[in-house]
Amino acid sequence: MDIEAFRSKLGAGGARPNQFQVTLNFPTIADADNTYSILVSGAAIPASTVNPAIIQYRGREVKLAGERIFDPWTVTIINDTNQSLRRPFEQWLDAINQKDDNRGLLTPSEYYQDIEIIHLDRNDEPLKGGQYMLKGAFPINMSEIALQYAQNDIIEEFTVTFQYQAYENVGVDVAI
């Protein structure tokens, strides 16, 4: 094994999971600034699965490519003292389905938003092929924020899980 060949394959030291930027675009129904990216402390590059279509033939299963499923996507957000991200997410979820009477927005274009995920290098430049757009995303779950006397040395965080229609790898040609 040639260690120099291995190092050269890593490029500038390999991709780092702690170098990323997420841009959340809130719909007009949420009382928030249009985009946030600095208070996101954890995210992921989206996952997807192609489920097999199984056909029985002469007592055996024949597996063919079936439907593509886009897994829910979760982001971890740091909570500030003004709840400037928590409140808009509550408003967004309430607009989709109100807590008191189960009514909500019926037109997806009113609550769908795109989310941009950019995997960065150590100089905060987008990695080649490391820019993703979640198309038609909307929140489906917002986690609790645990309140405890013993937790005096951490900052509050909460997670929001999104469902989306599809994602696309938009490369590095898209303006940041």
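**Figure 1. Surroundings of Gln 113 in strand β7 of the predicted model.** Leaving out residues up to four places away in sequence, Gln 113 touches Asn 25, Phe 26, Pro 27, Trp 92, Leu 134, Lys 135, Gly 136 and Ala 137. One of these contacts, Ala 137, is also the residue of β8 that stands opposite Gln 113. Gln 113 counts as buried because its relative accessibility is 19%, and the cut-off for buried is under 20%.

**Figure 2. Strand β7 and the two strands that pair with it, β1 and β8.** Strand β7 is largely enclosed by the rest of the structure, since seven of its eight residues are buried. Towards β1, the pairing is antiparallel and is made through five bridges, and in this part of the view Val 22 stands opposite Ile 117 of β7. Towards β8, the pairing is again antiparallel, here over six bridges. Strands β7 and β8 also form a hairpin, with five residues between them, and in the turn Asp 124 has a positive phi of about 60°.

**Figure 3. Helix α2 and the elements that cover its buried residues.** Helix α2 spans residues 86-96, and its buried residues are Arg 86, Pro 88, Phe 89, Trp 92, Ala 95 and Ile 96. The cover over these residues includes the strands β1 (20-25), β6 (73-78), β7 (113-120), β8 (126-142) and β9 (157-163), together with helix α3 (108-111). Arg 86, one of the buried residues of the helix, has its charged end over the ring of Phe 158, at 5.1 Å from the centre of that ring. Phe 158 in turn belongs to a cluster linked by ring pairs, whose members are Phe 26, Trp 73, Phe 89, Trp 92, Phe 158 and Phe 162; among them, Phe 89 and Trp 92 are buried residues of α2.

**Figure 4. Aromatic pairs that link separate parts of the chain.** Across the whole structure, 13 aromatic pairs are found. One of them joins Tyr 111 and Phe 138 in an edge-to-face arrangement, with 5.5 Å from centre to centre and 80° between the planes. This pair links distant parts of the chain, as Tyr 111 is in helix α3 and Phe 138 is in strand β8, 27 residues apart. Tyr 111 counts as buried at 12% relative accessibility, and Phe 138 counts as buried at 17%. Tyr 132 and Tyr 167 form another edge-to-face pair, for which the centres are 5.9 Å apart and the angle between the planes is 65°. Tyr 132 lies in strand β8 and Tyr 167 in strand β10 (residues 166-169), so this pair ties together parts that are 35 residues apart in sequence. With a relative accessibility of 13%, Tyr 132 counts as buried.

**Figure 5. The largest nonpolar core, seen around Phe 162.** This core holds 26 residues, and those that touch the most other members are Trp 73, Phe 89 and Phe 162. Two or more residues each are given to the core by β1, β6, α2, β7, β8 and β9, and the largest share, five residues, comes from β8. When neighbours within four places in sequence are left aside, the contacts of Phe 162 are Leu 24, Pro 72, Trp 73, Val 75, Phe 89, Trp 92, Ile 115, Ala 137, Phe 138, Pro 139 and Ile 140.

**Figure 6. Ala 53 in strand β4, with the residues it touches.** Strand β4 covers residues 48-57 and contains Ala 53, which is partly exposed because its relative accessible area is 31%. Beyond its neighbours within four places in sequence, Ala 53 is in contact with Val 62, Lys 63, Leu 64, Ala 65 and Gly 66. Of these contacts, Lys 63 is ten residues from Ala 53 along the chain, and the C-alpha atoms of the two are separated by 5.7 Å.

**Figure 7. The whole protein, as a setting for the close-up views.** The protein has three helices and ten strands, which run from the N terminus in the order α-β-β-β-β-β-β-α-α-β-β-β-β. Of its 176 residues, 30% count as buried, and its accessible surface comes to about 11,700 Å², with 49% of that belonging to carbon and sulfur atoms. Among contacts with a separation of 6 or more, 63% are between residues 24 or more positions apart.

How values were computed. Residues are numbered from 1 along each chain as its sequence is written. This is a predicted model: local features need pLDDT of at least 70, side-chain atom pairs count only at pLDDT 80 or more; totals for chains, interfaces and linings use all residues. Side-chain values use heavy atoms; hydrogens and water are left out. Buried means under 20% relative accessible area, exposed over 50%, partly exposed in between (1.4 Å probe, protein chains only). Helices (H or I, at least four residues) and strands (E, at least two) are DSSP runs, numbered from the N terminus. Contact means heavy atoms within 4.5 Å. Rings of Phe, Tyr and Trp (its six-membered ring) pair if their centres lie within 6.5 Å; planes under 30 degrees apart count as stacked, over 60 as edge-to-face and the rest as tilted. A charge sits over a ring if NZ of Lys or CZ of Arg is within 6 Å of the ring centre and within 35 degrees of the ring normal. Two strands pair if DSSP finds at least two bridges between them. A nonpolar core is a set of buried Ala, Val, Leu, Ile, Met, Phe, Trp, Tyr and Cys residues joined through side-chain atoms within 4.5 Å. Accessible areas come from the Shrake-Rupley method with a 1.4 Å probe; for residues, only the protein chains shown count as cover.
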